[in-house]
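Work through the exercises below with the structure in view. Each one sets a task and then solves it step by step.

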Amino acid sequence: LIYCCRKPKTKRAKRFLEKKEPKLKENTKNAMLIKGGNANLTVTEVLKDIYAVKKPFAVLYKKKNITRPFEDQTSLEFFSKKSDCSLFLFGSHNKKRPNNLIIGRMFDYHVLDMIELGIENFVSLKDVKNSKCPEGTKPMLIFAGDVFDVNEEYRRLKSLLIDFFRGPSVPSIRLAGLEYVLHFTAVDGKIYMRSYKVLLKKSGCKIPRIELEEMGPSLDLVMRRTHLASDDLYKLSLKQPKALKPKKKKNISHDVFGTTYGRIHMQKQDLSKLQTRKMKGLKKRAAEKSAEDGGVSPKKSKSA
């Protein structure tokens, strides 16, 4: 990486370089939102609303940047190194591609894949007069539409959207924290993005009644161009260190419901010699014992 050969001169620089070092568990991915040289008001408002949704894991560049990501990616890679962001959203507008958004991600500060989307309809946060979720709320992501699992481009778009909006990894979840939903629907060649606030109402039992209240922003998108990484590079970007891979345990399996099953290996047992509860009714009679011993019963010695 760019920072591997530098030696820190101050404690602040040392802490900065330590954050850049490789870790077993990645930091939360940051996103940079960039305006193109000819971004109009709609694209600017979309970038502001996405920034409000992504905060505090986002950087918004307010100045216009004259670049074309599908033709030249050097400026995006420069901004990625400068701001330590592995996700980006680029907005532009021109006659050929009006209201244009390019969403993408980086691998080792180089563009891994990006997808161009066109905005056909937009409702901003300001237009919806409902209460909003607090900053930094982790959203629940819902994807509807078979095309997300059938088409390779839509499958990669789904992966991109999950990476972009998933937020930080958390060890546990509380019910009151589930208050924000991002819903993506793919149908008839369009992608509909809707955001809702979850309202927990009284239901008369332990499980509350759930209602969804539209919060904004709302986007109707259409896919335009794609730049996808090769299968080998994509597989390399998903590689995990050995320390994070779960160790396999012998004779333990799991079913589809998450139930754990264990197999125990034991030697063959003689159940006839198994010690059970002693009861008078289960005692063997003298005739049965003599039959087992071959018909010969030992003589009792007479007491003198």
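**Exercise 1. Find where Pro-56 lies and describe the peptide bond that leads to it.**

Solution. In this predicted model, start at helix 2 and follow the chain towards strand 2 (58-65); Pro-56 is in the loop between them. Next, look at the bond from Lys-55 to Pro-56: the peptide bond is cis, with omega near 5°. Most peptide bonds are trans.

Now repeat the step for Pro-217. This residue is in the loop between strand 9 (209-214) and strand 10. The peptide bond from Gly-216 to Pro-217 is cis, with omega near 0°.

**Exercise 2. Asp-84 has a positive phi. Locate this residue and state whether it is buried, partly exposed or exposed. Then do the same for Asp-188.**

Solution. Most residues other than glycine have a negative phi. Asp-84 is not a glycine, yet its phi is about 55°. Its place is the loop between helix 3 (74-83) and strand 3 (87-92). Partly exposed covers the range between 20% and 50% relative accessible area. Asp-84 has a relative accessibility of 31%, so it counts as partly exposed.

Asp-188 also has a positive phi of about 55°. The loop between strand 7 and strand 8 holds Asp-188. With a relative accessible area of 75%, Asp-188 is exposed.

**Exercise 3. How many aromatic pairs does the structure hold? Describe the pair formed by Phe-165 and Phe-184.**

Solution. The count is seven aromatic pairs. In the pair of Phe-165 and Phe-184, the ring centres are 6.0 Å apart and the planes make an angle of 40°. An angle under 30 degrees would count as stacked and one over 60 as edge-to-face, so this pair is tilted.

Then place the two residues on the chain. Phe-165 belongs to helix 5 (residues 152-165) and Phe-184 to strand 7 (residues 180-187), so the pair links distant parts of the chain, 19 residues apart. Both Phe-165 and Phe-184 are buried.

Finally, widen the view. Ring pairs join Phe-165 and Phe-184 with Phe-143, Phe-148, Tyr-154 and Phe-164 into a cluster.

**Exercise 4. Which charged ends sit over the rings of Phe-164 and Tyr-234?**

Solution. Over the ring of Phe-164 sits the charged end of Lys-54, 5.4 Å from the ring centre. For Tyr-234, the charged end is that of Arg-156, 4.0 Å from the centre of the ring.

**Exercise 5. Describe the cavities of 30 Å³ or more.**

Solution. Rolling a probe the size of a water molecule over the atoms shows where empty space is left. A search of the whole structure finds two such cavities.

Take the largest cavity, with a volume of about 130 Å³. Its lining has 14 residues, and Ile-103, Leu-117, Leu-161, Phe-165 and Leu-221 lie nearest the centre. Strand 4 (100-107), helix 5, strand 8 (190-201) and strand 10 (218-227) each supply at least two residues of this lining. Helix 5 gives the most, with four residues. By class, the lining of the largest cavity has 14 nonpolar residues, no polar and no charged ones.

Then take the second largest cavity, of about 100 Å³. Among its 13 lining residues, Val-53, Lys-54, Thr-137, Phe-165 and Gly-167 lie nearest the centre. Helix 2 (41-54) and helix 5 each supply at least two residues here. The lining of the second largest cavity divides into seven nonpolar, three polar and three charged residues.

**Exercise 6. What is the volume of the largest pocket, and what lines this pocket?**

Solution. The largest pocket holds about 1900 Å³ of space. Of its 44 lining residues, Lys-25, Glu-26, Asn-27, Lys-29 and Ser-86 are the closest to the centre. Two or more residues each come from helix 1 (11-20), strand 4, helix 5 and helix 6 (231-237). Helix 1 gives the largest share, five residues. The lining of the largest pocket is made up of 18 nonpolar, 10 polar and 16 charged residues.

**Exercise 7. Which residues does the UniProt annotation "domain: Brix" cover?**

Solution. According to the unreviewed UniProt entry, the annotation covers residues 29-232. Over residues 29-232 the chain is 22% helix and 41% strand. The end C-alpha atoms of this stretch are 22 Å apart.

Definitions and conventions: Residues numbered from 1 in each chain as written. Predicted model: local features only at pLDDT ≥ 70, side-chain atom pairs only at ≥ 80, totals over all residues. Heavy atoms only, no water. UniProt positions renumbered as here; feature names shortened; annotations may be inferred. Phe/Tyr/Trp six-rings, centres within 6.5 Å; stacked < 30°, edge-to-face > 60°. Buried < 20%, exposed > 50% of the residue type's maximum accessible area, 1.4 Å probe, protein only. Lys NZ or Arg CZ within 6 Å of the ring centre and 35° of its normal. 1 Å grid on protein atoms, 1.4 Å probe; cavity = no way out; pocket = protein on both sides within 12 Å on 5 of 7 lines; lining within 4 Å. Points joined across faces, edges and corners; volume = space filled by probe spheres on them. Nonpolar A, V, L, I, M, F, W, Y, C, P; charged D, E, K, R; others polar.
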